[in-house]
Amino acid sequence: MVERTKRRLLRVLAEHGTVLHGFFVRRGANHEAEDLVQETYLRLLRAHQRQAGAIANPEAYLFTVALNLAREQAVRRRRSPLPIEELENLTALLATEESVEDVAERAQRRQHLQALLGSLPERTRAVLVMQYRDGLSYKQIAERLNISPHMVKKHVVRGLSVCRRALVDAAEGE
């Protein structure tokens, strides 16, 4: 009885595995999609064991679990860890006896850059962040944003142009 139910659940996963994989990819989990499909199946099995086989509609349950996993993944992506640059800055600050003025000036430049990035169109900002913070190639960015590498290049050029103009304007204002 238990083996038959497990086979049934495995058949449900086999039937819907490709759809689940696409579901996770469309929600930005390109590299983790296969792991998330497996986690979905494991959670379905655990729920089946806890409820002593009382899952009436395994397909619906499977997609509910997948939706919850996608939400959890999105929350984890939003909670980005402390960027490596910040750790390097902190380490450098502790290692040298940097003046308060230097630290304040750097913080002011960082705030200016944040405001400048915030003024860019959302897609352009996303492209710049993925390229310069995350170190992704044009092709990787294009795949994530579902645009062509040529459009990625246009966003980079446009974003850098705006940033350069703002830096020139700031330097002239001093």
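# Briefing: an all-helix chain

At 31% relative accessibility, E72 counts as partly exposed. This residue forms a salt bridge with R43, and the pair links distant parts of the chain. The model shown here is predicted. Its chain has eight helices and zero strands. The points below go from the overall layout to the charged pairs, the cores and some single residues.

**Overall layout**

- From the N terminus on, the elements run α-α-α-α-α-α-α-α.
- The chain has 174 residues, and buried residues make up 27% of them.
- Take the contacts between residues at least 6 apart in sequence: 57% of these join residues at least 24 apart.

**Salt bridges**

- How many salt bridges does the count come to? The count is four.
- In the bridge between E72 and R43, the closest N and O atoms are 3.1 Å apart. E72 sits in helix α3 (residues 58-78) and R43 in helix α2 (residues 33-50), with their positions 29 residues apart in sequence.
- R43 is partly exposed, because its relative accessible area of 26% falls between the 20% and 50% limits.
- E39 pairs with R46, with the closest N and O atoms 3.7 Å apart. That is a salt bridge because the cut-off is 4 Å.
- Both of these partners are partly exposed: E39 has a relative accessible area of 24%, and R46 has 40%.
- E39, R43, R46 and E72 are linked in a network of salt bridges.
- D134 forms a salt bridge with R133, and here the closest N and O atoms are 2.7 Å apart.
- D134 is partly exposed at 35% relative accessible area. R133 is also partly exposed, at 48%.

**Aromatic pair**

- The structure holds one aromatic pair. The partners are F23 and F24, with ring centres 5.5 Å apart.
- Is the pair stacked or edge-to-face? The planes are 70° apart, so the pair is edge-to-face, which needs an angle over 60 degrees.
- Both F23 and F24 are buried.

**Nonpolar cores**

- The largest nonpolar core has 20 residues, and L13, L20, F24 and L62 touch the most other members.
- Which elements give two or more residues to this core? They are α1 (2-26), α2 and α3.
- Helix α2 gives the largest share, seven residues.
- L20 touches L13, V37, T40, L62, F63 and A66, leaving aside residues up to four places away in sequence.
- A second, separate core has 12 residues, including L128, L136, V152 and V156.

**A47 in helix α2**

- A47 lies in helix α2.
- Is A47 buried or exposed? A47 is buried, because its relative accessible area is 0% and buried means under 20%.
- Not counting residues up to four places away in sequence, A47 touches I55 and Y61.
- A47 and Y61 are 14 residues apart in sequence, and their C-alpha atoms are 9.4 Å apart in space.

**Helix α6**

- Helix α6 covers residues 122-133, which is 12 residues. At 1.5 Å a residue, this helix should span 16 Å.
- The end C-alpha atoms of α6 are 16 Å apart, so the model agrees with the expected span.
- The buried residues of α6 are T124, V127, L128 and M130. They lie on the same side of α6, because they cover an arc of only 165° around the axis.
- L128 also belongs to the second core.
- G135 follows α6, and its phi is positive, near 70°.

**N146, a loop residue**

- Most residues other than glycine have a negative phi.
- What is the phi of N146? Phi of N146 is near 60°, a positive value in a residue other than glycine.
- N146 lies in the loop between α7 (138-145) and α8 (149-173).
- N146 is exposed, because its relative accessible area is 72% and exposed means over 50%.

Conventions. Residues are numbered from 1 along each chain as its sequence is written. This is a predicted model: local features need pLDDT of at least 70, side-chain atom pairs count only at pLDDT 80 or more; totals for chains, interfaces and linings use all residues. Side-chain values use heavy atoms; hydrogens and water are left out. Rings of Phe, Tyr and Trp (its six-membered ring) pair if their centres lie within 6.5 Å; planes under 30 degrees apart count as stacked, over 60 as edge-to-face and the rest as tilted. Buried means under 20% relative accessible area, exposed over 50%, partly exposed in between (1.4 Å probe, protein chains only). A salt bridge is a side-chain nitrogen of Lys or Arg within 4 Å of a carboxyl oxygen of Asp or Glu. Helices (H or I, at least four residues) and strands (E, at least two) are DSSP runs, numbered from the N terminus. Contact means heavy atoms within 4.5 Å. A nonpolar core is a set of buried Ala, Val, Leu, Ile, Met, Phe, Trp, Tyr and Cys residues joined through side-chain atoms within 4.5 Å. The expected span of a helix is 1.5 Å times one less than its number of residues. The arc is that of the directions from the helix axis to the C-beta atoms.
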